[in-house]
Amino acid sequence: GSRAIALTDDPTGPLARAADHALPLLASPPEALGSTDYADPQARRYVGYHHDVPQTKTVTASILHAVLLAAALAPASAPRWREALHRFPAAAERALADTAAPAGEAARAMAAAGVLVFTGSGPAYPVAQYGAFKAYEFARVGLWQDMEEYCHTQYFVTGRRTPVVFLAPDRLARERAAEIAPVLADRLGACGILVTGECAAAAGCAHVLRVPDTAPPPLVPLLLYLAVQRLMHAFARAAGLSTSTFRGGLEPERYVAGSCDTIRASRIVPPGELGIPGA
C-alpha cells in the first residue's frame, strides 16, 4: 500500500509507468535515450543513456532531486532550505573551479596506480563508493571503505604510491584523516589525497581538493561528488584514457554487448522451471 516515486530521465520508461509519481531528472533529452552510437549489433541494444560514457550528470541530478524532495517534506524549515538551494549553484561553480588545478596535480600521481582507494564516513561513505565505481568505468580497480574500517581492511593492500582519497567534509572526519594519512605517507609511502573544506589543514596528504565549507550540511555531499568527478576526469586524461567512451575507450563495445546478455536479457525464472515441488 505504499506509494512509489521514480527519479528518472525517461518519463515514458517502465519505471515511470510503474510508479505512482515520477520526477523527471532533466539531465538528458528523452528523445536521445532510445538509440546509441555503437556499431556492434549486440551493443546497439544497450540503450537508455544520452551518451555512452560514465555519466556524472545522472547521479548528480538524482541526488539533487532527492534533496529537493526532502525540502518539500520539511515545510517548517522551508525558508532555510530554499535559501540553501538558491546558494548551491554558486557553491557548485566555485567547487568545480577551485578543484580543477589540484585535481590535475593529484591525477598525475594517480595515473600509473593499479588500485585507487576512496574512504569516507557518514554521508561521505556513498561518495567513496561512487569514486570506486568511477574507477571501474575507466577500467581501473577501485576500492571504497568507511574511513575507520579502512584501517582494518584495505590498509593491508595499500602500498607505495597507492592513492588513498580521504573524503572529509566535517571536523571529525578531518581529524581522523589527519591521524591516518601521515602513517600512510611515512610508513607505507602511499599518496594521500584530501577532499575537504576550504580552510582545513592537510596533514600527511600530498594533494588537497577544497570545496566551499559554507554550504549547508544536506548539500555538502553534492559538493564532494563534484570534487570526485573532477578528480576522476583528470585521472582519465592523465592516464591516457578517453573521457568520451565507456571504459575509457578500452574495448567498450565488447563489454556493453556483454551487459546486454548479463543484465538486460535477465529474467526471473518461475519456480516451476526450477523443479521446486508444489510450485
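# A walk through the model, starting from H7

Okay, let's start with helix H7: 15 of its 19 residues are buried, so the rest of the structure largely encloses this helix. Before I go on, please keep in mind that this is a predicted model.

Staying with H7 for a moment, how far apart are its end C-alpha atoms? The answer is 27 Å, which agrees with the 27 Å that 19 residues should span at 1.5 Å a residue. Just after H7 comes Gly-240, with a positive phi of about 75°.

Now, who sits against H7? One partner is helix H2. H2 covers residues 56–72 and H7 covers residues 220–238. When we describe two packed helices, we give the angle between their axes and the distance between the axes. For H2 and H7, the angle is about 175° and the axes are 10 Å apart. The cut-off for roughly antiparallel is anything over 145 degrees, and H2 and H7 are therefore roughly antiparallel to each other.

If you want to find that contact on the screen, look on the H2 side for Thr-56, Val-59, Thr-60, Ile-63 and Leu-64. Across from them, in H7, are Leu-222, Tyr-225, Leu-226 and Gln-229. By type, six residues of this contact are nonpolar, three are polar and none is charged.

Let's move on to the core. As a general point, nonpolar side chains in soluble globular proteins tend to be buried together. Here, the largest nonpolar core has 44 residues. Which of its members touch the most others? Those are Leu-116, Phe-118, Leu-167, Leu-223 and Met-232. Plenty of elements give two or more residues to this core: helices H2, H3, H4 and H7, plus strands E3, E5, E6 and E7. And H7 comes up again, giving the most to this core with 12 residues.

Take Leu-116 as a sample. Setting aside neighbours within four places in sequence, Leu-116 is in contact with Met-110, Ala-135, Val-141, Gly-142, Leu-143, Pro-163, Met-232 and Phe-235. There's also a second, separate core of 15 residues, and its members include Tyr-150, Ala-173, Leu-184 and Leu-194.

Next door to Leu-116 is Val-117, which is in strand E3. Buried or exposed? Val-117 counts as buried, at 1% relative accessibility. Again leaving out neighbours within four places in sequence, Val-117 is in contact with Leu-143, Tyr-150, Thr-162, Pro-163, Val-164 and Val-165. Val-117 and Gln-129 are 12 residues apart along the chain, and 9.5 Å separates their C-alpha atoms.

On to helix H4. Its 13 residues should span 18 Å at 1.5 Å a residue, and the end C-alpha atoms are 19 Å apart, which agrees. The buried residues of H4 are Val-127, Ala-128, Tyr-130, Gly-131, Ala-132, Lys-134 and Ala-135. What do they pack against? That would be H2, E3, E4, E5 and H7.

Then there's helix H6, residues 171–188. H6 has 18 residues and reaches 25 Å from its first C-alpha to its last, close to the expected 26 Å. Ala-173, Ala-177, Ile-180, Ala-181 and Leu-184 are buried in H6, and the elements covering them include H5, E5 and E6. Right after H6, Gly-189 has a positive phi of about 75°.

That brings me to backbone angles. Most residues other than glycine have a negative phi. In this model, here are some with a positive one:

- Ala-139 follows H4, and its phi is positive, near 60°.
- Arg-161 has a phi near 70°. This arginine is in the loop between H5 and E5, and it is exposed, with a relative accessible area of 59%.
- Glu-251 has a phi of about 50°. You'll find Glu-251 in the loop between H7 and helix H8, partly exposed with a relative accessible area of 43%.

Last stop: Asp-146, in the loop between strand E4 and H5. At 22% relative accessibility, Asp-146 counts as partly exposed. How far is Asp-146 from Thr-119, C-alpha to C-alpha? They are 5.5 Å apart in space, with their positions 27 residues apart in sequence. Leaving aside neighbours within four places in sequence, Asp-146 is in contact with Gly-120, Ser-121 and Tyr-125.

So if you take one thing away, make it H7: the helix that gives the most residues to the largest core. Thanks, everyone.

Technical notes
Residues numbered from 1 in each chain as written. Predicted model: local features only at pLDDT ≥ 70, side-chain atom pairs only at ≥ 80, totals over all residues. Heavy atoms only, no water. Axes fitted to C-alpha atoms, helices over the stretch in contact; angles between N-to-C directions. Helix = DSSP H or I, 4+ residues; strand = E, 2+ residues; numbered from the N terminus. Parallel < 35°, antiparallel > 145°, perpendicular 65-115°, else oblique. Contact = heavy atoms within 4.5 Å. Nonpolar A, V, L, I, M, F, W, Y, C, P; charged D, E, K, R; others polar. Core = buried A, V, L, I, M, F, W, Y, C linked by side-chain atoms within 4.5 Å. Buried < 20%, exposed > 50% of the residue type's maximum accessible area, 1.4 Å probe, protein only. Expected span 1.5 Å × (residues − 1).
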